[in-house]
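Got your viewer open? Let's take a walk through this model, one selection at a time.

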Amino acid sequence: MYGRASPLLFGNLMKKTVQGNFHQIKAPLLFLLPNILIFVIFIIIPAIQGLRMSLTEWGVFTEPTFIGLANFKELFQDKVFWRTFSNTLVFSFFTVALMMLYSLLLALLLNKNALRGEKIFRSLFYIPSLLSMITVGIAWRFILGDEMGIVNYVLRSFGGEGIHWLTNGNLAMASVILVSVWAGAGYYMVILIGGLQAIPLELYEAATIDGASPARTFRSITLPLLKSTLLVVLVLATISSFKAYELIFVMTKGGPGYATKLIVQQVYQVAFMEDRMGYASAMSILLMILIGLVTIVQFRISGKDQDYE
Amino acid sequence: MKKIAVFLTILLLATSTLFAAGTKEEGTKETTLSVMWFNDANESDVFMKTIDDYLKANPHVKVDLQVVAYSEYDQKLKMMISGGNPPDVARISTNTLSVVVDSLEPIDGYVDDIEKVKQEFLPSMVAFAMNKDNKLVAYPTEATANGMIVNKTAFDNAGIDLDAVSKTWTWSEWEKIVSNVIAANPKMKYGLAVDFTPHRFSTIMYQFNGHFLNADQSAMEFNNPGTINTLNWFKHVHDSGLVPKSVWLGSENPAELFQAGLVAGHIGGSWNINTYNKNVKDFEWKVVNMPKAAINSSVPGGKFVASFKGSANKVEAQKLMAAFSDNAHNEAYCLDTFNLSSRADATIDYPSNSKDFDVFLSELKVTPAFTANEWKNTNLSKVTTYIKEQIVEVLLGNVTPEQAVANVDAKGNTYFK
Amino acid sequence: MNKPTLHAKLHYVLLILLAFSTLFPVLWVLLSSFKPQSELFRIPLTLIPENWTIENYVSSIQQGNFARYFSNTVFVAVVSTLLTVVINVMAGYALAKYIFPGRNLIFTLMIATLMIPLQVIMIPIFLQLKRLGMLNSLWGIIIPPAATPTGIFLARQYLVTLPDSLIEAARIDGAKEFYIFRKIIWQMSQPIVATIAIFSFMWRWNDFLWPLIVITDNKKQTIQQALANFVGQLQINWSELLAMTTIAIIPVILVFLAFQRFFFSGITAGSVKG
């Protein structure tokens with residue numbers, strides 16, 4: 001029953017898995033009203049204006065002129081954009097994968113309820129998530145800096161060579177991925193602990209009586225029952241990784257060269273430095289389509305094999 | 001429940017302070033000027049201190065100061081202008097100036113003799129503040145110059161007479177000298193760190209007789225022998241290890257490397273004097289003339305105050321700016337913020353470093369006039385980030401200097417149509 | 001009982017190692033905030049300040065209007081969190097337990113708003129707030145971000161696991177829908193309320209974008225804005241930046257500590273009943 005509680009975007013899947021069956025119109029709409037109002041007024045209406053902007057040539061101080069799909073045509077030939085596009089895919093893939101593994105590891109380690117000091121540990125691991133991205137970036141620059149970073153300083157004082165954490169393109173990408181995982185894992189750990197704690201203890205007790213190994217218990221009880229929570233983490237982590245910008249900007253400014261420049265940074269630069277609001281809107285629409293597609297795929301895949309009980 | 005009670009208490013406290021602030025006394029014919037500022041150090045405090053006497057003498061004028069982070073400054077300003085409520089007065093950098101110049105209110109309608117006003121300031125600073133109708137739209141406040149700060153102790157250790165060698169040195173002489181300095185100082189690893197900005201890069205580019213734009217500023221002309229030579233030289237000093245790669249490739253802060261004693265010199269600017277005064281305790285440093293390539297050159301820059309066309313309080317705003325920019329106020333402000341003044345008649349007695357300031361001023365004097373015009377060009381300001389990226393691509397070996405300048409011109413010229 | 005002890009020891013070793021690597025950068029910020037600026041960039045690098053000083057704290061608190069920024073941020077974070085928790089749990093409940101036309105569409109649209117990079121639509125948002133007269137008002141940074149798709153998502157996820165039988169029973173007794181929500185659902189939502197409260201407080205505390213759009217008056221600035229002001233065009237005021245960063249972390253940690261017992265234990269309690 002627990003594992004079925006997966007939120008699904010599509011009706012046919014939703015019917016199968018959702019248990020609520022109260023047919024009403026007025027009550028749920030009233031419950032939804034405050035959120036809907038806020039979304040419509042402050043996000044959706046401005047976003048629709050953004051959508052219209054993507055069909056125009058528009059600098060901040062000039063009137064927009066309608067140019068049809070010209071921005072999108074230009075976009076397909078824009079090498080820098082596609083570089084940031086593929087960077088974003090690489091960044092997102094590894095960040096999300098590592099984030100899920102690491103936050104799951106933390107959640108499993110801290111879900112015993114018997115461990116002494118468990119609460120303190122939970123808080124400790126959560127601390128990085130409490131920091132603003134700018135703080136995180138600054139702190140890690142001091143750790144990974146080529147000349148002034150502590151890691152290289154220690155390596156050199158033992159006679160070693162420094163490692164070009166932020167100066168070599170591939171290492172810089174790896175560094176920003178690792179730091180993003182460091183900064184986000186505590187947050188997802190909290191959500192996952194919540195999911196783990198919702199698994200009834202009786203199931204584990206039964207498994208112990210049956211003599212199941214820890215690995216087997218994990219595979220046949222924990223994982224299936226945690227699935228809906230894992231999906232939440234997957235979706236949230238994916239969306240936020242696609243929107244990542246501040247942390248990377250503070251750490252590498254998108255460099256060296258274009259090595260760690262992601263779409264949002266490029267959008268920002270085009271909109272505010274190059275003063276091309278229309279073109280930037282076209283870029284962000286492509287970004288939103290990308291996020292939307294990935295999210296739908298995630299829901300689809302995890303919706304398919306829901307028939308465990 | 002206890003927690004909730006605590007929270008409600010905090011909430012109440014917070015709200016009560018808010019409402020206390022909200023009940024403002026509404027006097028008669030009072031003007032409240034909204035003033036927007038950004039800080040490198042404590043400039044907003046110094047500004048308020050400087051105009052304190054003006055506000056006392058004009059009790060009907062109040063100043064509502066807003067400090068905005070520099071990284072968001074242009075964006076915020078653009079948002080406010082395009083939304084129809086700009087601030088009444090704003091502090092503006094040369095970079096911001098190139099972005100908002102068309103929205104600024106010309107000063108000539110508010111002063112008796114605009115030519116007299118112009119003559120009060122350094123010509124290069126006035127050049128920055130002219131709009132396309134050739135009207136002055138901002139009062140220059142402090143002036144900045146790019147230049148080289150060196151670790152004097154390190155040169156002494158190598159037995160090099162810094163004053164003698166730096167009088168007329170060239171970049172190739174510098175290369176030999178600085179190699180000796182590195183060799184004589186075990187802790188020192190590099191000869192020079194250059195700020196990771198196209199503005200500081202252009203210092204060297206101008207010395208190599210390079211430029212961004214063609215002579216009448218109607219198109220990009222990054223593709224010129226001087227610029228290509230600069231790029232080749234810049235790559236050479238990076239590859240040979242004289243310049244740390246971590247600055248332009250890893251965005252490490254060159255001022256930090258200099259403070260740590262890792263580099264012999266830093267191409268920064270007059271603003272670094274203040275920082276190094278506070279932070280460098282382990283060695284002596286000083287400002288020297290930069291080596292020359294084809295010519296000697298610095299790059300002028302500075303800060304301004306301006307008012308906007310959309311402001312509702314233009315008259316009072318202009319009065320405030322005029323008062324803030326007069327000789328006495330300007331000198332006080334520049335002294336307290338430890339900056340060069342942009343006034344031609346300023347004579348500031350700095351408590352220290354007056355020789356260093358003199359070097360910056362002398363570098364400014366030999367700087368070609370067109371450099372200011374390039375840096376105030378609105379279209380150029382749109383491609384500077386791209387230029388920076390392309391320079392890094394050259395350093396990485398991903399493109400040749402020739403390809404990079406062609407890329408920059410192709411992209412830049414789309415803005416010059 | 002020998003084996004579990006060894007197991008537990010390994011467990012601790014692993015946790016301590018991970019915790020150390022997690023906290024090292026934070027520790028660095030903390031210790032550096034007690035260094036005089038001249039010590040920050042000096043080789044040999046040291047973790048522990050040579051000359052401890054609280055000067056950075058004194059000057060960063062004196063700078064500008066620290067008490068005001070602090071109380072603004074507390075006010076915004078608390079009010080916005082209260083609002084967020086109530087409206088998000090309501091929305092989560094509607095999406096979890098009712099079937100009505102347009103439900104999927106509404107849910108999809110709400111998740112979709114999460115995908116919009118707000119930086120891109122800053123100017124339209126600014127114009128919208130101006131039209132509504134919410135510029136330069138703390139309400140402008142309280143209300144718009146209060147509806148969080150993530151909060152709704154989490155609330156729905158949790159509430160969907162509550163047994164329908166509870167609601168059915170109440171309804172047979174003739175209870176009104178809002179009464180059921182207030183008396184039954186809200187009571188059972190404690191753990192998710194705590195979770196969303198912690199997250200929301202943290203988001204609002206660290207929010208930079210909405211204050212940037214809305215606030216144009218120094219008296220209404222928030223801590224994060226004040227922090228960003230230490231990074232100038234040409235220079236960074238490291239000492240004060242590090243000191244104020246440290247101060248700014250404390251309230252979020254306190255909130256987390258206050259609520260954490262509440263929400264982890266609550267989840268367990270709820271699940272046993274289900």
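Keep in mind that what you see is a predicted model. Begin inside chain B, where 23 residues of domain 1 are in contact with 20 residues of domain 2. To colour the two parts, select 28–144 + 301–359 of chain B for domain 1, and 146–300 + 372–413 of chain B for domain 2. Put a marker at the C-alpha centre of each of these two domains of chain B and you'll find 29 Å between the markers.

Stay on domain 1 of chain B and look at its side that touches domain 2 of chain B. Select α5 (94–100), α7 (123–128), β4 (138–151), β8 (300–306) and α18 (354–365) of chain B: each of them supplies at least two residues of that side. Now zoom in on α5(B), which gives the most, with 5 residues. Try colouring this side of domain 1 of chain B by class, too: you'll get 11 nonpolar, 10 polar and 2 charged residues.

Next stop: the boundary between chains. Show chain B together with chain C, and you'll have 41 residues of chain B in contact with 31 residues of chain C. On the chain B side, pick out α1 (2–22), β2 (61–67), α4 (70–82), α14 (254–259) and α15 (272–279), since each supplies at least two residues of the side that touches chain C. Which element has the largest share of that side of chain B? That's α1(B), with 9 residues.

One last colouring before you go: by class, the side of chain B that touches chain C splits into 17 nonpolar, 14 polar and 10 charged residues.

Note on methods
Residues numbered from 1 in each chain as written. Chains lettered and ligands numbered in written order. Predicted model: local features only at pLDDT ≥ 70, side-chain atom pairs only at ≥ 80, totals over all residues. Contact = placed C-beta atoms within 7 Å. Helix = DSSP H or I, 4+ residues; strand = E, 2+ residues; numbered from the N terminus. Nonpolar A, V, L, I, M, F, W, Y, C, P; charged D, E, K, R; others polar. Domains from an automatic or database assignment.
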